[in-house]
Number of protein chains: 2
Amino acid sequence: MSASGAGPSNPIRLLLADDQALVRGALAALLSLEDDLSVVAEVGRGDEVVPAARDSDPDVALLDVEMPGLDGIAATAALRAALPSCRVLVVTTFGRPGYLRRAMEAGASGFVVKDTPARQLADAVRRVHAGLRVVDPTLAAETLAAGVSPLTDRETEVLRTARGGGTVADLAGALHLSEGTVRNHLSAAIGKTGARNRAEAIRVAEQNGWLLGE
Amino acid sequence: MSASGAGPSNPIRLLLADDQALVRGALAALLSLEDDLSVVAEVGRGDEVVPAARDSDPDVALLDVEMPGLDGIAATAALRAALPSCRVLVVTTFGRPGYLRRAMEAGASGFVVKDTPARQLADAVRRVHAGLRVVDPTLAAETLAAGVSPLTDRETEVLRTARGGGTVADLAGALHLSEGTVRNHLSAAIGKTGARNRAEAIRVAEQNGWLLGE
DNA sequence: AACGGCCCCTGACAAATGTCACGGTCCGAA
DNA sequence: TTCGGACCGTGACATTTGTCAGGGGCCGTT
(Lines give C-alpha, C1' and ligand atoms only; values in the text may rest on other atoms or scores of the structure.)
Protein backbone atom coordinates (compact mmCIF):
# COMPACT_ATOMS: atom_id res chain seq x y z
CA MET A 1 0.00 0.00 0.00
CA SER A 2 2.77 2.42 0.82
CA ALA A 3 4.45 1.12 -2.31
CA SER A 4 5.54 2.86 -5.49
CA GLY A 5 8.30 4.78 -3.73
CA ALA A 6 11.30 6.12 -5.59
CA GLY A 7 10.81 3.73 -8.49
CA PRO A 8 13.50 1.16 -9.35
CA SER A 9 15.10 0.76 -5.89
CA ASN A 10 12.31 -0.99 -4.01
CA PRO A 11 13.85 -3.61 -1.73
CA ILE A 12 12.24 -6.90 -0.75
CA ARG A 13 11.02 -6.56 2.83
CA LEU A 14 11.99 -9.48 5.08
CA LEU A 15 10.85 -10.87 8.41
CA LEU A 16 13.22 -13.19 10.30
CA ALA A 17 12.05 -15.72 12.89
CA ASP A 18 14.59 -17.88 14.71
CA ASP A 19 14.82 -18.65 18.38
CA GLN A 20 18.59 -18.30 18.50
CA ALA A 21 19.30 -14.59 18.69
CA LEU A 22 22.83 -15.01 17.44
CA VAL A 23 21.96 -16.77 14.20
CA ARG A 24 18.97 -14.49 13.75
CA GLY A 25 21.22 -11.48 13.93
CA ALA A 26 23.80 -13.12 11.76
CA LEU A 27 21.24 -13.94 9.09
CA ALA A 28 20.10 -10.33 9.21
CA ALA A 29 23.66 -9.20 8.63
CA LEU A 30 24.09 -11.66 5.79
CA LEU A 31 20.91 -10.64 4.00
CA SER A 32 21.45 -6.94 4.58
CA LEU A 33 24.57 -7.16 2.46
CA GLU A 34 22.29 -7.49 -0.56
CA ASP A 35 21.11 -4.19 -2.03
CA ASP A 36 17.68 -5.46 -2.92
CA LEU A 37 16.90 -7.01 0.48
CA SER A 38 15.87 -5.27 3.67
CA VAL A 39 15.18 -6.86 7.05
CA VAL A 40 12.19 -5.09 8.54
CA ALA A 41 11.40 -7.36 11.50
CA GLU A 42 13.03 -9.97 13.73
CA VAL A 43 11.32 -12.25 16.23
CA GLY A 44 12.42 -15.14 18.41
CA ARG A 45 9.13 -16.95 18.95
CA GLY A 46 6.61 -18.53 16.66
CA ASP A 47 3.66 -16.74 18.20
CA GLU A 48 5.27 -13.37 17.55
CA VAL A 49 5.41 -13.91 13.81
CA VAL A 50 1.90 -12.77 12.88
CA PRO A 51 1.84 -9.67 15.12
CA ALA A 52 5.25 -8.58 13.87
CA ALA A 53 4.19 -9.21 10.30
CA ARG A 54 1.10 -7.04 10.75
CA ASP A 55 3.29 -4.17 11.91
CA SER A 56 6.01 -4.46 9.33
CA ASP A 57 4.18 -5.84 6.28
CA PRO A 58 7.03 -8.00 4.91
CA ASP A 59 7.16 -9.50 1.43
CA VAL A 60 8.91 -12.67 2.55
CA ALA A 61 9.15 -14.33 5.96
CA LEU A 62 12.04 -16.64 6.84
CA LEU A 63 10.85 -19.02 9.54
CA ASP A 64 12.75 -21.58 11.57
CA VAL A 65 10.85 -24.78 12.41
CA GLU A 66 12.11 -25.22 15.96
CA MET A 67 10.74 -22.30 17.92
CA PRO A 68 9.05 -21.77 21.27
CA GLY A 69 5.44 -20.67 21.41
CA LEU A 70 4.48 -21.95 17.99
CA ASP A 71 6.52 -24.12 15.67
CA GLY A 72 7.45 -22.82 12.26
CA ILE A 73 4.91 -24.97 10.44
CA ALA A 74 2.02 -23.67 12.49
CA ALA A 75 3.41 -20.16 12.19
CA THR A 76 3.47 -20.61 8.42
CA ALA A 77 -0.20 -21.51 8.35
CA ALA A 78 -1.11 -18.63 10.64
CA LEU A 79 0.88 -16.15 8.60
CA ARG A 80 -0.59 -17.33 5.32
CA ALA A 81 -4.06 -16.90 6.77
CA ALA A 82 -3.37 -13.44 8.19
CA LEU A 83 -1.30 -11.97 5.35
CA PRO A 84 -1.80 -13.97 2.15
CA SER A 85 0.47 -11.62 0.22
CA CYS A 86 3.47 -12.51 2.36
CA ARG A 87 5.37 -15.56 1.14
CA VAL A 88 7.10 -17.97 3.48
CA LEU A 89 10.55 -19.51 3.22
CA VAL A 90 11.18 -22.13 5.88
CA VAL A 91 14.78 -22.31 7.05
CA THR A 92 15.54 -25.16 9.37
CA THR A 93 18.32 -27.15 10.97
CA PHE A 94 16.94 -30.57 10.25
CA GLY A 95 16.07 -31.88 6.83
CA ARG A 96 13.39 -34.16 8.21
CA PRO A 97 11.27 -35.43 5.33
CA GLY A 98 8.02 -34.80 7.18
CA TYR A 99 8.97 -31.21 7.87
CA LEU A 100 9.12 -30.40 4.18
CA ARG A 101 5.77 -32.02 3.52
CA ARG A 102 4.06 -30.29 6.38
CA ALA A 103 5.62 -26.95 5.50
CA MET A 104 4.39 -27.12 1.93
CA GLU A 105 0.94 -28.20 3.04
CA ALA A 106 0.88 -25.25 5.41
CA GLY A 107 1.51 -22.90 2.50
CA ALA A 108 5.25 -22.35 2.45
CA SER A 109 6.84 -21.36 -0.85
CA GLY A 110 10.30 -22.67 -0.07
CA PHE A 111 12.25 -24.94 2.23
CA VAL A 112 15.96 -24.56 2.90
CA VAL A 113 18.16 -26.47 5.35
CA LYS A 114 20.79 -24.64 7.31
CA ASP A 115 23.72 -26.42 5.77
CA THR A 116 23.18 -24.99 2.33
CA PRO A 117 25.85 -22.48 1.27
CA ALA A 118 25.24 -18.97 2.53
CA ARG A 119 25.45 -17.58 -0.98
CA GLN A 120 22.29 -19.36 -2.03
CA LEU A 121 20.06 -17.90 0.62
CA ALA A 122 19.59 -14.52 -0.99
CA ASP A 123 18.74 -16.18 -4.29
CA ALA A 124 16.23 -18.41 -2.57
CA VAL A 125 14.59 -15.34 -1.09
CA ARG A 126 14.41 -13.67 -4.49
CA ARG A 127 12.94 -16.76 -6.10
CA VAL A 128 10.31 -17.08 -3.42
CA HIS A 129 9.46 -13.43 -3.76
CA ALA A 130 9.08 -13.89 -7.49
CA GLY A 131 6.45 -16.54 -6.88
CA LEU A 132 8.66 -19.56 -7.52
CA ARG A 133 9.07 -22.55 -5.26
CA VAL A 134 12.44 -23.36 -3.71
CA VAL A 135 13.06 -26.89 -2.52
CA ASP A 136 16.21 -28.92 -1.95
CA PRO A 137 15.94 -31.67 -4.61
CA THR A 138 17.61 -34.29 -2.41
CA LEU A 139 15.19 -33.60 0.37
CA ALA A 140 12.24 -33.70 -1.99
CA ALA A 141 13.22 -37.20 -3.05
CA GLU A 142 13.53 -38.34 0.56
CA THR A 143 10.14 -36.88 1.29
CA LEU A 144 8.51 -38.91 -1.46
CA ALA A 145 10.29 -42.02 -0.23
CA ALA A 146 9.29 -41.52 3.39
CA GLY A 147 5.64 -40.89 2.60
CA VAL A 148 3.10 -39.56 5.02
CA SER A 149 3.11 -40.65 8.61
CA PRO A 150 1.55 -44.08 9.09
CA LEU A 151 0.85 -43.22 12.71
CA THR A 152 -2.64 -42.49 13.92
CA ASP A 153 -3.30 -39.35 15.94
CA ARG A 154 -3.28 -41.12 19.25
CA GLU A 155 -0.18 -43.09 18.46
CA THR A 156 1.61 -39.90 17.52
CA GLU A 157 0.52 -38.24 20.73
CA VAL A 158 1.62 -41.15 22.87
CA LEU A 159 4.96 -41.37 21.12
CA ARG A 160 5.49 -37.65 21.43
CA THR A 161 4.76 -37.75 25.15
CA ALA A 162 7.07 -40.73 25.52
CA ARG A 163 10.02 -38.67 24.29
CA GLY A 164 10.70 -37.37 27.78
CA GLY A 165 11.47 -40.90 28.85
CA GLY A 166 8.86 -41.82 31.44
CA THR A 167 7.31 -45.13 32.35
CA VAL A 168 4.07 -46.41 30.94
CA ALA A 169 2.36 -45.37 34.15
CA ASP A 170 3.63 -41.81 33.67
CA LEU A 171 2.29 -41.68 30.13
CA ALA A 172 -1.04 -43.13 31.17
CA GLY A 173 -1.35 -40.49 33.86
CA ALA A 174 -0.33 -37.64 31.60
CA LEU A 175 -2.72 -38.67 28.82
CA HIS A 176 -5.56 -39.91 31.05
CA LEU A 177 -5.48 -43.36 29.54
CA SER A 178 -5.22 -46.84 30.93
CA GLU A 179 -1.78 -48.41 30.98
CA GLY A 180 -2.91 -51.17 28.68
CA THR A 181 -4.08 -48.67 26.09
CA VAL A 182 -0.79 -46.85 26.23
CA ARG A 183 1.04 -50.11 25.71
CA ASN A 184 -1.19 -50.95 22.78
CA HIS A 185 -0.55 -47.62 21.10
CA LEU A 186 3.17 -47.96 21.69
CA SER A 187 3.14 -51.47 20.32
CA ALA A 188 1.33 -50.29 17.20
CA ALA A 189 3.78 -47.46 16.73
CA ILE A 190 6.72 -49.82 17.17
CA GLY A 191 5.28 -52.10 14.54
CA LYS A 192 4.56 -49.33 12.04
CA THR A 193 7.98 -47.76 12.39
CA GLY A 194 9.72 -51.09 12.03
CA ALA A 195 11.47 -50.54 15.35
CA ARG A 196 12.20 -53.09 18.03
CA ASN A 197 11.92 -50.64 20.88
CA ARG A 198 10.01 -47.76 22.20
CA ALA A 199 13.21 -45.73 22.02
CA GLU A 200 13.93 -46.80 18.47
CA ALA A 201 10.38 -46.00 17.43
CA ILE A 202 10.74 -42.50 18.84
CA ARG A 203 13.99 -42.04 16.99
CA VAL A 204 12.54 -43.18 13.67
CA ALA A 205 9.42 -41.08 14.02
CA GLU A 206 11.45 -38.05 14.99
CA GLN A 207 13.82 -38.40 12.06
CA ASN A 208 10.89 -38.54 9.68
CA GLY A 209 9.27 -35.51 11.19
CA TRP A 210 6.22 -37.41 12.32
CA LEU A 211 6.18 -36.01 15.83
CA LEU A 212 5.54 -32.36 15.06
CA GLY A 213 3.12 -30.62 17.40
CA GLU A 214 -0.48 -30.84 16.24
CA MET B 1 55.58 -14.02 10.92
CA SER B 2 53.98 -11.77 8.30
CA ALA B 3 52.95 -9.57 11.22
CA SER B 4 53.65 -5.92 12.05
CA GLY B 5 51.69 -4.57 9.10
CA ALA B 6 50.64 -0.95 8.64
CA GLY B 7 50.54 -0.23 12.34
CA PRO B 8 47.28 0.86 14.00
CA SER B 9 44.80 -0.83 11.63
CA ASN B 10 45.65 -4.44 12.38
CA PRO B 11 42.42 -6.44 12.44
CA ILE B 12 41.81 -9.45 14.64
CA ARG B 13 42.06 -12.54 12.46
CA LEU B 14 39.19 -15.03 12.93
CA LEU B 15 38.59 -18.69 12.15
CA LEU B 16 34.98 -19.92 12.05
CA ALA B 17 34.00 -23.55 12.57
CA ASP B 18 30.35 -24.58 12.36
CA ASP B 19 28.84 -27.51 10.54
CA GLN B 20 25.89 -25.52 9.23
CA ALA B 21 27.13 -23.60 6.24
CA LEU B 22 24.33 -21.08 6.42
CA VAL B 23 24.97 -19.96 9.99
CA ARG B 24 28.72 -20.11 9.36
CA GLY B 25 28.36 -17.72 6.45
CA ALA B 26 25.92 -15.57 8.37
CA LEU B 27 28.32 -15.29 11.31
CA ALA B 28 31.05 -14.33 8.88
CA ALA B 29 28.84 -11.58 7.49
CA LEU B 30 27.97 -10.39 10.98
CA LEU B 31 31.56 -10.23 12.18
CA SER B 32 32.84 -8.71 8.96
CA LEU B 33 30.71 -5.67 9.65
CA GLU B 34 33.19 -4.77 12.38
CA ASP B 35 36.20 -2.80 11.20
CA ASP B 36 38.60 -4.47 13.57
CA LEU B 37 37.60 -8.05 12.76
CA SER B 38 38.52 -10.11 9.74
CA VAL B 39 37.40 -13.66 8.96
CA VAL B 40 40.39 -15.47 7.48
CA ALA B 41 39.13 -19.07 7.48
CA GLU B 42 35.89 -21.06 7.58
CA VAL B 43 35.52 -24.80 8.11
CA GLY B 44 32.58 -27.15 8.57
CA ARG B 45 34.22 -30.03 10.39
CA GLY B 46 36.10 -30.36 13.66
CA ASP B 47 39.01 -32.16 12.12
CA GLU B 48 39.58 -29.34 9.64
CA VAL B 49 40.14 -26.77 12.36
CA VAL B 50 43.86 -27.35 13.00
CA PRO B 51 44.90 -27.62 9.32
CA ALA B 52 42.97 -24.48 8.45
CA ALA B 53 44.43 -22.67 11.42
CA ARG B 54 47.96 -23.60 10.34
CA ASP B 55 47.30 -22.05 6.95
CA SER B 56 45.59 -18.90 8.09
CA ASP B 57 47.18 -18.22 11.50
CA PRO B 58 44.09 -16.75 13.21
CA ASP B 59 44.11 -14.81 16.48
CA VAL B 60 40.79 -16.17 17.66
CA ALA B 61 38.87 -19.31 16.65
CA LEU B 62 35.09 -19.53 17.05
CA LEU B 63 34.18 -23.19 17.40
CA ASP B 64 30.81 -24.89 17.53
CA VAL B 65 30.53 -27.91 19.82
CA GLU B 66 28.36 -30.08 17.58
CA MET B 67 30.47 -30.90 14.56
CA PRO B 68 31.25 -33.98 12.49
CA GLY B 69 34.73 -35.42 12.52
CA LEU B 70 35.76 -33.97 15.86
CA ASP B 71 33.58 -32.21 18.39
CA GLY B 72 34.35 -28.63 19.34
CA ILE B 73 35.83 -29.56 22.72
CA ALA B 74 38.34 -31.95 21.21
CA ALA B 75 39.05 -29.43 18.47
CA THR B 76 39.73 -26.83 21.16
CA ALA B 77 42.32 -29.06 22.80
CA ALA B 78 43.96 -29.89 19.48
CA LEU B 79 44.07 -26.26 18.44
CA ARG B 80 45.53 -25.15 21.76
CA ALA B 81 48.24 -27.74 21.39
CA ALA B 82 49.06 -26.87 17.80
CA LEU B 83 48.81 -23.09 17.97
CA PRO B 84 49.01 -21.89 21.59
CA SER B 85 48.85 -18.26 20.50
CA CYS B 86 45.38 -18.73 19.05
CA ARG B 87 42.60 -18.25 21.56
CA VAL B 88 39.35 -20.18 21.41
CA LEU B 89 35.80 -18.94 21.83
CA VAL B 90 33.27 -21.77 21.91
CA VAL B 91 29.91 -20.85 20.37
CA THR B 92 27.24 -23.46 20.81
CA THR B 93 23.56 -24.16 20.56
CA PHE B 94 23.13 -25.90 23.87
CA GLY B 95 24.08 -24.42 27.21
CA ARG B 96 24.81 -27.82 28.70
CA PRO B 97 26.61 -27.36 32.00
CA GLY B 98 29.15 -30.06 31.20
CA TYR B 99 30.00 -28.47 27.89
CA LEU B 100 31.22 -25.31 29.56
CA ARG B 101 33.33 -27.23 32.04
CA ARG B 102 34.88 -29.43 29.40
CA ALA B 103 35.51 -26.46 27.11
CA MET B 104 37.35 -24.55 29.79
CA GLU B 105 39.35 -27.60 30.77
CA ALA B 106 40.31 -28.05 27.14
CA GLY B 107 41.72 -24.54 27.08
CA ALA B 108 38.92 -22.35 25.73
CA SER B 109 38.96 -18.69 26.69
CA GLY B 110 35.25 -18.09 26.26
CA PHE B 111 31.90 -19.80 25.99
CA VAL B 112 28.86 -18.26 24.35
CA VAL B 113 25.46 -19.79 23.64
CA LYS B 114 23.71 -19.07 20.38
CA ASP B 115 20.78 -17.28 21.91
CA THR B 116 22.82 -14.37 23.17
CA PRO B 117 22.19 -11.10 21.32
CA ALA B 118 24.15 -10.75 18.11
CA ARG B 119 25.58 -7.44 19.26
CA GLN B 120 27.55 -9.07 22.03
CA LEU B 121 29.45 -11.48 19.84
CA ALA B 122 31.96 -8.99 18.50
CA ASP B 123 32.65 -7.78 22.02
CA ALA B 124 33.15 -11.32 23.20
CA VAL B 125 35.69 -11.84 20.44
CA ARG B 126 37.53 -8.67 21.41
CA ARG B 127 37.59 -9.64 25.07
CA VAL B 128 38.90 -13.07 24.29
CA HIS B 129 41.55 -11.60 22.03
CA ALA B 130 42.58 -9.26 24.83
CA GLY B 131 43.24 -12.26 27.05
CA LEU B 132 40.06 -12.04 29.11
CA ARG B 133 37.65 -14.85 29.76
CA VAL B 134 34.06 -14.65 28.53
CA VAL B 135 31.45 -16.80 30.18
CA ASP B 136 27.70 -16.55 30.50
CA PRO B 137 27.18 -15.99 34.25
CA THR B 138 23.93 -17.95 34.36
CA LEU B 139 25.55 -20.90 32.74
CA ALA B 140 28.54 -20.69 35.07
CA ALA B 141 26.21 -21.02 38.04
CA GLU B 142 24.49 -24.03 36.52
CA THR B 143 27.84 -25.62 35.88
CA LEU B 144 28.84 -25.33 39.49
CA ALA B 145 25.50 -26.76 40.55
CA ALA B 146 25.67 -29.70 38.19
CA GLY B 147 29.21 -30.67 39.16
CA VAL B 148 31.38 -33.10 37.34
CA SER B 149 29.94 -36.24 35.87
CA PRO B 150 29.36 -38.93 38.49
CA LEU B 151 29.50 -41.55 35.77
CA THR B 152 32.45 -43.84 35.40
CA ASP B 153 34.09 -44.19 31.99
CA ARG B 154 32.40 -47.44 31.19
CA GLU B 155 29.02 -46.24 32.30
CA THR B 156 29.40 -43.19 30.10
CA GLU B 157 30.35 -45.34 27.15
CA VAL B 158 27.45 -47.72 27.64
CA LEU B 159 25.00 -44.87 28.05
CA ARG B 160 26.36 -43.11 24.98
CA THR B 161 26.03 -46.25 22.91
CA ALA B 162 22.52 -46.76 24.23
CA ARG B 163 21.40 -43.44 22.74
CA GLY B 164 20.67 -45.04 19.40
CA GLY B 165 17.99 -47.10 21.08
CA GLY B 166 19.08 -50.71 20.78
CA THR B 167 18.46 -53.67 23.02
CA VAL B 168 20.84 -54.84 25.72
CA ALA B 169 22.02 -57.57 23.36
CA ASP B 170 22.89 -54.94 20.75
CA LEU B 171 24.91 -52.96 23.25
CA ALA B 172 26.67 -56.05 24.52
CA GLY B 173 27.65 -56.96 20.98
CA ALA B 174 28.80 -53.46 20.07
CA LEU B 175 30.90 -53.08 23.21
CA HIS B 176 32.09 -56.70 23.45
CA LEU B 177 30.63 -57.13 26.90
CA SER B 178 28.32 -59.64 28.47
CA GLU B 179 24.66 -58.71 28.70
CA GLY B 180 24.80 -58.89 32.46
CA THR B 181 27.63 -56.39 32.59
CA VAL B 182 25.79 -54.01 30.31
CA ARG B 183 22.74 -54.24 32.53
CA ASN B 184 24.89 -53.57 35.56
CA HIS B 185 26.43 -50.46 34.04
CA LEU B 186 23.03 -49.22 32.94
CA SER B 187 21.61 -49.85 36.37
CA ALA B 188 24.45 -47.92 37.97
CA ALA B 189 23.96 -45.04 35.55
CA ILE B 190 20.24 -45.00 36.25
CA GLY B 191 20.92 -44.85 39.95
CA LYS B 192 23.51 -42.08 39.70
CA THR B 193 21.38 -39.90 37.46
CA GLY B 194 18.35 -40.32 39.67
CA ALA B 195 16.39 -41.61 36.70
CA ARG B 196 13.85 -44.40 36.66
CA ASN B 197 14.63 -45.49 33.15
CA ARG B 198 17.35 -46.08 30.69
CA ALA B 199 15.76 -43.43 28.50
CA GLU B 200 15.48 -40.95 31.35
CA ALA B 201 19.07 -41.58 32.35
CA ILE B 202 20.19 -40.82 28.81
CA ARG B 203 18.17 -37.63 28.80
CA VAL B 204 19.61 -36.44 32.11
CA ALA B 205 23.18 -37.28 31.15
CA GLU B 206 22.79 -35.59 27.80
CA GLN B 207 21.37 -32.40 29.29
CA ASN B 208 24.30 -32.18 31.65
CA GLY B 209 26.79 -32.70 28.88
CA TRP B 210 28.10 -35.93 30.37
CA LEU B 211 27.97 -37.89 27.13
CA LEU B 212 30.53 -35.97 25.12
CA GLY B 213 32.83 -38.08 22.97
CA GLU B 214 35.94 -39.18 24.78
C1' DA C 1 -27.82 -51.24 7.71
C1' DA C 2 -23.39 -53.07 7.31
C1' DC C 3 -18.67 -52.27 7.08
C1' DG C 4 -14.15 -50.57 8.34
C1' DG C 5 -11.19 -47.58 10.88
C1' DC C 6 -9.87 -45.49 15.03
C1' DC C 7 -10.39 -45.28 19.75
C1' DC C 8 -10.58 -47.18 24.63
C1' DC C 9 -10.42 -50.88 27.71
C1' DT C 10 -9.33 -55.73 29.74
C1' DG C 11 -6.57 -59.71 30.70
C1' DA C 12 -2.92 -62.81 29.95
C1' DC C 13 1.50 -64.07 28.30
C1' DA C 14 6.55 -63.97 26.79
C1' DA C 15 10.43 -61.15 26.52
C1' DA C 16 13.27 -57.48 27.90
C1' DT C 17 14.77 -54.66 31.53
C1' DG C 18 16.35 -53.29 36.11
C1' DT C 19 18.05 -54.83 40.67
C1' DC C 20 20.72 -57.42 43.81
C1' DA C 21 24.26 -60.34 45.74
C1' DC C 22 28.18 -62.46 44.67
C1' DG C 23 33.18 -63.61 43.00
C1' DG C 24 37.00 -62.37 40.48
C1' DT C 25 40.96 -59.17 38.24
C1' DC C 26 43.64 -55.03 38.02
C1' DC C 27 45.68 -50.81 39.75
C1' DG C 28 46.80 -46.79 42.51
C1' DA C 29 46.86 -44.79 47.14
C1' DA C 30 47.40 -45.19 51.91
C1' DT D 1 50.93 -54.84 51.69
C1' DT D 2 46.40 -53.84 52.34
C1' DC D 3 42.64 -51.35 51.02
C1' DG D 4 39.26 -49.26 47.96
C1' DG D 5 37.50 -48.40 43.52
C1' DA D 6 36.62 -49.37 38.80
C1' DC D 7 36.00 -53.11 35.97
C1' DC D 8 34.06 -57.75 34.12
C1' DG D 9 31.36 -61.51 34.82
C1' DT D 10 27.51 -64.85 36.70
C1' DG D 11 23.05 -66.11 38.29
C1' DA D 12 18.60 -65.23 40.25
C1' DC D 13 14.80 -62.33 40.87
C1' DA D 14 10.89 -58.69 40.48
C1' DT D 15 9.27 -55.34 37.46
C1' DT D 16 8.40 -53.33 33.18
C1' DT D 17 7.62 -53.68 28.50
C1' DG D 18 5.81 -55.51 24.24
C1' DT D 19 2.45 -58.69 22.10
C1' DC D 20 -1.78 -60.83 21.31
C1' DA D 21 -6.71 -61.82 21.47
C1' DG D 22 -10.46 -60.33 22.67
C1' DG D 23 -14.56 -56.73 24.01
C1' DG D 24 -17.39 -52.44 23.04
C1' DG D 25 -18.31 -47.42 21.37
C1' DC D 26 -18.06 -43.83 17.89
C1' DC D 27 -18.07 -42.09 13.33
C1' DG D 28 -18.03 -41.84 8.07
C1' DT D 29 -18.65 -44.45 3.82
C1' DT D 30 -20.75 -47.63 1.19
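Predicted model: DNA surface, sheet, cores and chain contacts

In this predicted model, helix H9(B) provides six residues of the surface near DNA strand C, the largest share.

Student: Which residues are the closest to DNA strand C?

Tutor: DNA strand C is surrounded by 19 residues. Helix H7 (153-162) and helix H9 (179-193) of chain A, and helix H9 (179-193) of chain B, each supply at least two residues of this surface. The closest residues are A:Thr152, A:Ser178, A:Gly180, B:Ser187 and B:Arg198.

Student: By class, how many residues of the surface near DNA strand C are nonpolar, polar and charged?

Tutor: Glycine is counted with the polar class here. On that basis the surface near DNA strand C has four nonpolar, five charged and 10 polar residues.

Student: Why is one side of strand S2 and of strand S6 of chain A left without a neighbour in the sheet?

Tutor: The open sheet of chain A has six strands, paired in parallel, in the order S2-S1-S3-S4-S5-S6. Strand S2 (37-43) and strand S6 (134-135) stand at its edges, so one side of each has no neighbour in the sheet, as each has a single partner strand.

Student: In S4(A), what is the bridge partner of A:Ala61?

Tutor: Strand S3 (residues 60-63) and strand S4 (residues 87-92) of chain A run parallel and are joined by four bridges. In S4(A), A:Ala61 has as its bridge partner A:Val88.

Student: What angle does the direction of helix H3 of chain A make with that of S4(A)?

Tutor: Helix H3 (residues 72-82) of chain A packs on the sheet and touches strand S1 (12-17), S3 and S4 of chain A. The direction of H3 makes with that of S4(A) an angle of about 170°.

Student: Which residues touch the most other members of the largest nonpolar core?

Tutor: This core has 93 residues. Beyond its neighbours within four places in sequence, B:Ala61 is in contact with B:Leu15, B:Ala17, B:Val49, B:Ala53, B:Leu79, B:Cys86 and B:Val88. Another core, of 32 residues, lies apart and includes A:Leu186, A:Ile190, B:Leu171 and B:Ala189. In the largest core, the residues that touch the most other members are A:Ala61, A:Leu89 and B:Ala61.

Student: Which helix gives the most to the side of chain A that touches chain B?

Tutor: Contacts link 26 residues of chain A with 25 residues of chain B. Helix H1 (21-32) and helix H10 (198-207) of chain A each supply at least two residues of the chain A side. By class, that side has 12 nonpolar, eight polar and six charged residues. With eight residues, the helix that gives the most is H1(A).

Methods:
Residues are numbered from 1 along each chain as its sequence is written. Chains are lettered from A and ligands numbered from 1 in the order in which they are written. This is a predicted model: local features need pLDDT of at least 70, side-chain atom pairs count only at pLDDT 80 or more; totals for chains, interfaces and linings use all residues. A nonpolar core is a set of buried Ala, Val, Leu, Ile, Met, Phe, Trp, Tyr and Cys residues joined through C-beta atoms within 7 Å. A residue is buried if 20 or more other C-beta atoms lie within 10 Å of its own, exposed if 12 or fewer, and partly exposed in between; C-beta atoms are placed from the backbone. Two residues are in contact if their C-beta atoms, placed from the backbone, lie within 7 Å. Two strands pair if DSSP finds at least two bridges between them. Axes are lines fitted to C-alpha atoms, for helices over the stretch in contact, and angles run from 0 to 180 degrees between N-to-C directions. A residue is near a molecule or strand if its C-beta atom, placed from the backbone, lies within 6 Å of it.
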